Amino acid sequence: MTVQIFSPLEIPETLAAGPGPGNTDARVLQAFSSAGVADHMQGDVLRGMIECKHMLRQIWGTSNTYTFAVAGTGWSGLDTMFSAVMPGDKVVAFSNGTFSGIDALTLRIKAATPQEHAANPLDPQAASVTVIEIPHGQTVTGEKVEAALDEYKPKWAFMAHWETGSGRINDLRGFSDACERHGAMGLIDAVSSLGVEDFRIDDYPGIVGWASCPQKGLCCLPLTYAPVSFTDAYIDSLKSTGAYTYVHNPIFEARHWGIVDGQDVEKGAYHRTHSGYAVAAFHESLRLTLQDGLAKRSALYRTHEKVLRDAVTALGCEVTSDMPSLVVLNLPAELAGREMELVQNCRARGFGIWPTLSAPVQVRIGILNQLNRQAISQIVRLFAEAIHELGGQVDFDDIDALLQSRYGTSIAA
Ligand SMILES: *Cc1c(COP(=O)(O)O)cnc(C)c1O
């Protein structure tokens, strides 16, 4: 047998202008690559994890003791959050796009009985789970949540805070209030909103579980940690039912972050082999978030999203999203149907924008960690060139004038 050794892997620098991952901050990469070799029980690694836990509680505005992070990506945090959902549990899940659709699948997997799994192993139809489908491009409103919880009276209710598939903000206040009124335990996919939006977990008492990711608002792609937070009510439920997992059981996981029996302890205990590199990167991303301040960051996202939205509208596109970190749009009528071609042309040039991943086909342009005039102007110009290349009408002078008028005086940052 011949041994096949490939050339060293080189990955080019691109402009990550999609829904996520965002542009990992240089400070985060620096922290990742300058960490020394140290094992997962070395004192500074453990101290770093404890400090991360405290920073996360501040960023997320919560006194939940069970606030920590799960090694991996957004789905790792979400799987941990869903671990307390047991076969036969009554669940209502709201789905208004790709990601909440996968969350709803996860909930059906968790709540399905063995018979339901056997009948359809990859897509179990759990009788105890009701999925309320909200059309792509629409918001999950408080009224819709209220009506469904009133009708089904579930143990668990689920919604995505920001649905990245369709670029829609869902009604967190209405969801939390309805959960409180109907005694449901609310679970939230906050993968897209953490680090972008200025909100506090403790203002939403109907919600018992939260899960997010490292790679979007926290600018920390080097495979690190997915933040999670749980109230005592969630932990009590988990304590009484158990969960079918060791690695993603929040009670076990929290031990390495120095949380034992509902109390902060001085030092974490082994749960799995954490990476000092990942801890250092995650720690830096949390420091960066606190130094920026969420109020300032969320205001900057809104300002720059508005410029991008107005520029693509001037190019004849129709924006259907309302998320400050992401613009989801329909191309001008004469280019309808050529979304994939346009996205592929852009990606071939290292301009990483995205189509939607579920119907209808739309284009998604994100601005994660691109909060400055130069980055937004570059995104607008590259997109205008792509439209022009497909034969669309583009007045480059108009676009430049729009950018100049928006950025000319007030927003230098
Ligand atoms: C990106 C995203 C996910 C998945 O996160 P990964 O980091 O890819 O695991 C889940 N939910 C929402 C709302 C997202 O935007």
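This report walks through a predicted model, covering its domains, its ligand site and a few backbone details.

## Two domains

The domain assignment splits the protein in two. Domain 1 covers residues 26–290. Domain 2 covers residues 294–407. Their C-alpha centres lie 30 Å apart.

The two domains touch. Domain 1 gives 25 residues to the contact, and domain 2 gives 23. Together they bury about 1900 Å² between them. Carbon and sulfur atoms carry 54% of that buried area. On the domain 1 side, three residues lose the most area to domain 2: His136, Val196 and Asp198. Together these residues make up 26% of what that side buries.

## The ligand and its shell

A ligand sits in the model, with a shell of residues around it. Going along the chain, the shell begins with Thr73, Gly74, Trp75 and Leu78. Phe99, Trp162 and Thr164 follow. Asp189, Val191, Ser192, Gln215 and Lys216 complete the list.

By character, the shell holds five nonpolar residues, five polar ones and two charged ones. Helix 3, which spans residues 74–82, supplies the largest share of the shell, with three residues.

## Polar contacts to the ligand

Which parts of Gly74 and Trp75 come within reach of the ligand's oxygen atoms? In both cases the backbone does. A polar backbone atom of Gly74 is 2.9 Å from a ligand oxygen. For Trp75, a backbone N or O atom also lies 2.9 Å from an oxygen atom of the ligand.

Lys216 uses its side chain instead. An N or O atom there is 2.5 Å from an oxygen atom of the ligand. The protein buries 90% of the 380 Å² that the ligand exposes when taken alone.

## Backbone details

Two peptide bonds that lead into prolines are cis. One joins Gly20 and Pro21, with omega about 5°. Pro21 is in the loop between strand 1 (15–16) and helix 1 (26–34). The other runs from Ala359 to Pro360, with omega near -5°. Pro360 is in the loop between strand 16 (354–355) and strand 17 (363–366).

Where does Lys153 lie? Its place is the loop between helix 6 (142–152) and strand 5 (156–160). Lys153 has a phi near 45°, a positive value in a residue that is not glycine.

Terms used. Residues numbered from 1 in each chain as written. Predicted model: local features only at pLDDT ≥ 70, side-chain atom pairs only at ≥ 80, totals over all residues. Heavy atoms only, no water. Near = heavy atom within 4 Å. Polar contact = N/O pair within 3.5 Å; in protein donor to acceptor, adjacent residues only side chain to side chain. Areas by Shrake-Rupley, 256 points an atom, 1.4 Å probe, with all protein chains shown as cover. Helix = DSSP H or I, 4+ residues; strand = E, 2+ residues; numbered from the N terminus. Nonpolar A, V, L, I, M, F, W, Y, C, P; charged D, E, K, R; others polar. Domains from an automatic or database assignment. Contact = heavy atoms within 4.5 Å. Buried area = accessible area lost by both parts, 1.4 Å probe.
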